[in-house]
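Visitor: I'm new to this structure, and I'd like a close look at a single part of it. Could you walk me through the place where the two chains meet?

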Amino acid sequence: MPDEKIKKVSIVISKGSLEGVYPGLIMANGARMEGIEANLFFTFFGLEAIIKKKMNKLKVATVGNPAMHIPSLLGILPGMSAFATKMMKKEMEKLDIPPVGEFIEMIHDAGGKIYACKATVEMFHLTKDDFCEQVDDIIHVGKFYEVSAGGEIIFT
Amino acid sequence: MATKTLAGKTIEVNDEGFLVNPDDWTEEMAPELAKEEGIDELTDQHWKIIRFIRQDFKEKGQIPTIRRIKNAGGVPIKDLYQLFPEGPVKKAAKIAGLGKPQGCV
């Protein structure tokens, strides 16, 4: 086992599908559980995970995802994404993986910092009120590098 | 396999100091294990968590997740991190004489 421990991670979440958001949340929570400092930076469609009205309604993408093992033509059928989402949420609940809103709250209560990308916030005409209360700040990319200094940056 | 003397008893531990057999554990061992983790004194709040995860482990056969300690154990996440800094479930499990948690959440 290497002597040097990871001390800090900054995780960028750029996708807004359920499967696009969870890996970053699990990694951030896992980091805190190991005593590792964690920042979460939500950008582009990843912002959906911290928008109050949307965070608990994220869906699994059933189109353009070969690992789903259903033809894309079927993936477009109404209800397909909802069905896949329901199945995945059921499996996650068995593993005690929380819904997005509760997960964000847990990470924040654990001391993880939650940031929204300023450029995307402006592009989508969002304001601080659209976000869940755990969002620490809306920051630009320069500030992101500042808060990430001395740690690893992971893009998801 | 390494051994360690806790509360006057010699017991098996793994290379990270976690007890190999949860049944070897007695409450008298907890303060010594806590000191190894940098916790000088176990308060009632610590004990509430230790007892919960021991009980849950006994019933479910696995160490509860942090979410389960929060929801079923009724301990706020902030308190958990305050009581067991830099590794709440890992440290609590070690002090409670259980193995190292293997879950991702």
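Guide: Happy to. Between chain B and chain A, about 1,500 Å² of area is buried, and carbon and sulfur atoms give 56% of that. Keep in mind as we go that this is a predicted model. On the chain B side, the residues that lose the most area to chain A are B:R67, B:Y81 and B:V105, and together they make up 46% of what that side buries. In terms of residues, chain B brings 16 to the contact and chain A brings 17.

Now for the charges. Side chains of opposite charge can pair when their charged atoms come close. Across the interface of chain B and chain A there are six salt bridges. Which parts of chain B sit on that side? Helices α3 (66-71), α4 (77-83) and α5 (88-95) of chain B each supply at least two residues of the side that touches chain A. The largest share comes from α3(B), with five residues. There are also nine residue pairs in polar contact between chain B and chain A, counting pairs with both residues at pLDDT 80 or more.

Let's zoom in on one of those pairs. A:E102 forms a salt bridge with B:K70, and their closest N and O atoms are 2.8 Å apart. The two side chains also make a polar contact, again at 2.8 Å. You'll find A:E102 in helix α4 of chain A, which covers residues 100-109. Is A:E102 buried or exposed? Its relative accessibility is 18%, so A:E102 counts as buried, because the cut-off for buried is under 20%. Setting aside neighbours within four places in sequence, A:E102 is in contact with B:R67, B:K70 and B:N71. The pairing is part of something wider, too: A:E93, A:D96, A:E102, B:R67 and B:K70 are linked in a network of salt bridges.

Next, have a look at α5(B), one of the helices on the chain B side. This helix is mostly covered, with seven of its eight residues buried. Those residues are B:P88, B:V89, B:K91, B:A92, B:A93, B:K94 and B:I95. What lies over them? The cover includes α1 (18-33) of chain A, along with α1 (30-36), α2 (44-60), α3 and α4 of chain B. Just after α5(B), B:G97 takes a positive phi of about 75°.

Two of those covering helices, α2 and α3 of chain B, are also tied to each other by a salt bridge within the chain. B:D56 pairs with B:R68, with the closest N and O atoms 2.7 Å apart. This pair links distant parts of the chain, since B:D56 is in α2 and B:R68 is in α3, 12 residues apart. The partners have different surroundings: B:D56 counts as buried at 4% relative accessibility, while B:R68 counts as partly exposed at 26%.

For some context, step back from the interface for a moment. Over all chains, the count comes to 17 salt bridges. One of them joins the side chains of A:K143 and A:E146, at 3.7 Å from N to O. These two are three residues apart in helix α6 of chain A (residues 141-148), so about one helical turn separates them. A:K143 counts as partly exposed at 30% relative accessibility, and A:E146 counts as exposed at 55%. Another joins A:E48 and A:K54, at 3.4 Å from N to O. Both ends of that bridge are partly exposed, with A:E48 at 24% relative accessibility and A:K54 at 38%.

So, back to your part of the structure. If you take one picture away, make it A:E102 meeting B:K70 in a salt bridge, within a network that also takes in A:E93, A:D96 and B:R67. Around that picture, chain B and chain A bury about 1,500 Å² between them, and α3(B) supplies the largest share of chain B's side.

Definitions and conventions:
Residues are numbered from 1 along each chain as its sequence is written. Chains are lettered from A and ligands numbered from 1 in the order in which they are written. This is a predicted model: local features need pLDDT of at least 70, side-chain atom pairs count only at pLDDT 80 or more; totals for chains, interfaces and linings use all residues. Side-chain values use heavy atoms; hydrogens and water are left out. Contact means heavy atoms within 4.5 Å. Buried area is the accessible area (1.4 Å probe) that two parts lose on being put together, summed over both. A salt bridge is a side-chain nitrogen of Lys or Arg within 4 Å of a carboxyl oxygen of Asp or Glu. A polar contact is a pair of N or O atoms within 3.5 Å; within protein, one must be able to donate a hydrogen and the other to accept it, and residues adjacent in sequence count only if both atoms are side-chain atoms. Helices (H or I, at least four residues) and strands (E, at least two) are DSSP runs, numbered from the N terminus. Buried means under 20% relative accessible area, exposed over 50%, partly exposed in between (1.4 Å probe, protein chains only).
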